[in-house]
Amino acid sequence: ETALQIEKELDEIGVLHERVGETGVIGYLGRKKEGKTIAMRADTDALEISEKNETDYVSRNPGLMHACGHDGHMAALLGAVKVLKEREDELEGMVKLFFQQAEEIGQGARQFVAASHLENVESVLGIHVSSALDTGTITVTPGPVGASCDYFKARVVGKSSHVGKPHLGIDALYIASLCVVGLQGIVARQTDPVDPVVVGIGVMNAGTRYNNIAGEALLEGTFRTFSLETRDRTQESIERIMRSICEAHGAELEIEFLSYSSPVINDRKAAAFAAEIAKEIVGEENVRTDQEKSLGADDFAELQLEVPGVYVNIGTRNPIDDGTAYPHHHERFDLDEKGLLIAAEFYVWYALASFRK
């Protein structure tokens, strides 16, 4: 339904478009065979959260709401498209409009890459609204700004027995507990203290009865890093430590990893360019270039692996309205819509300025 609505809006504006996967949409502005090509991305997905706001635009779908501001991203980019369509003769090249699905599960950007939509693209812009920033504030920080997000599931296979005869079994729960503790050594003793890493276990299930030795244990966890090298090293350490502990106690290990997102690393030249645009819109005093790193993830990073890109945060917290200060993924998340005007303006000036460089 979201993709259909986006396509309807683009049709009304007069912008050519096509599907990317089942629910993504790409639009095209400018001159396809002349000049450079840039891309601008807005993510589109909602979350499985029941909204508790009481507004005339509250979610009409029970159990689902736009609790991360992606509806604002779509609105801002579509608003920018309306303006840019009227000034299309100033676009000496092409602007690709990425309305990207599945950011929340880290699978959408890869679909745009797989469909070759980043071929010959010189730069890519991603914007995210932020309830942690006052309206009128923009952050554009060079270097790492968001962590990678990787998932792993491990099955420790032991041997069940009665607790009164533990020597006849291989206690998978005990061994899994050693793994949980042992993995923290990656952070405490195997990682440079100035290179943040998080390794967390969120699920551990084992056992069938209070007086049985557990024959199996299931662990699920995640790890977060800020560089590709540290990411690879951390994954290798997780498997090595868990496998060593299991082997030492006679158990077997089955483990799988899923990559949700690479670290978001802003290209320094692209960030400097975006910062100048931000200063023109909100004033130099309202532009921050020293944003703290976030352990949240965004698969915009997969686009940055292909071309130089910059990820910008736009403030949407009204200082006199507590209703816009709730954190993202909260059931009362809302935003100051004046921030959407700033986001739309940023998209417009980024596109126009890209062809004047």
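Start by selecting G250, which counts as partly exposed because its relative accessibility is 46%, between the 20% limit for buried and the 50% limit for exposed. You are looking at a predicted model. G250 sits in the loop between helix 5 (228-248) and strand 13 (252-261). Now add G126: its C-alpha atom is separated from that of G250 by 49 Å, and the two residues are 124 apart along the chain.

**Helix 4**

Next, select residues 172-189. This is helix 4, with 18 residues, and it reaches 25 Å from its first C-alpha to its last, close to the 26 Å expected at 1.5 Å a residue. Which residues of helix 4 are buried? Colour A172, I175, A176, C179, L183 and I186 to see them. They lie on the same side of helix 4, because they cover an arc of only 95 degrees around the axis. An α-helix has 3.6 residues a turn, so residues three or four places apart point the same way. Turn to the other side of helix 4 and you will find V181 and R189 exposed. To see what covers the buried residues of helix 4, show strand 8 (149-157), strand 10 (198-206), strand 12 (216-224) and helix 5, which are among the covering elements.

**The open sheet**

Move on to the sheet of eight strands. The sheet is open, its pairing is mixed, and its strand order is 1-2-4-3-5-16-6-15. At its edges are strand 1 (16-20) and strand 15 (287-288), each pairing on one side only. Zoom in on strand 1, which pairs with strand 2 (residues 24-30) in the antiparallel sense over five bridges. Within this pairing, pick H17 and look across to G27 in strand 2, its bridge partner. Now show helix 1 (residues 2-13): this helix packs on the sheet and touches strand 1, strand 2 and strand 4 (93-100), and its direction makes about 165 degrees with that of strand 1. Then display helix 6 (residues 268-282), which lies across strand 6 (138-139), strand 15 and strand 16 (309-317) and runs at about 30 degrees to strand 16.

**The nonpolar cores**

For the last stop, show side chains. The largest nonpolar core has 49 residues, and M40, F99, V312 and F346 have the most contacts inside it. Helix 8 (residues 338-354) gives the most to this core, with ten residues. Centre on M40: among the residues it touches are L77, L84, V95, L125, Y347, Y350 and A351. Finally, select I175, V197, I245 and F257, which belong to a second, separate core of 23 residues. You have already met I175 as one of the buried residues of helix 4.

Conventions
Residues numbered from 1 in each chain as written. Predicted model: local features only at pLDDT ≥ 70, side-chain atom pairs only at ≥ 80, totals over all residues. Heavy atoms only, no water. Pairing = 2+ DSSP bridges. Helix = DSSP H or I, 4+ residues; strand = E, 2+ residues; numbered from the N terminus. Contact = heavy atoms within 4.5 Å. Axes fitted to C-alpha atoms, helices over the stretch in contact; angles between N-to-C directions. Buried < 20%, exposed > 50% of the residue type's maximum accessible area, 1.4 Å probe, protein only. Core = buried A, V, L, I, M, F, W, Y, C linked by side-chain atoms within 4.5 Å. Expected span 1.5 Å × (residues − 1). Arc of directions from axis to C-beta.
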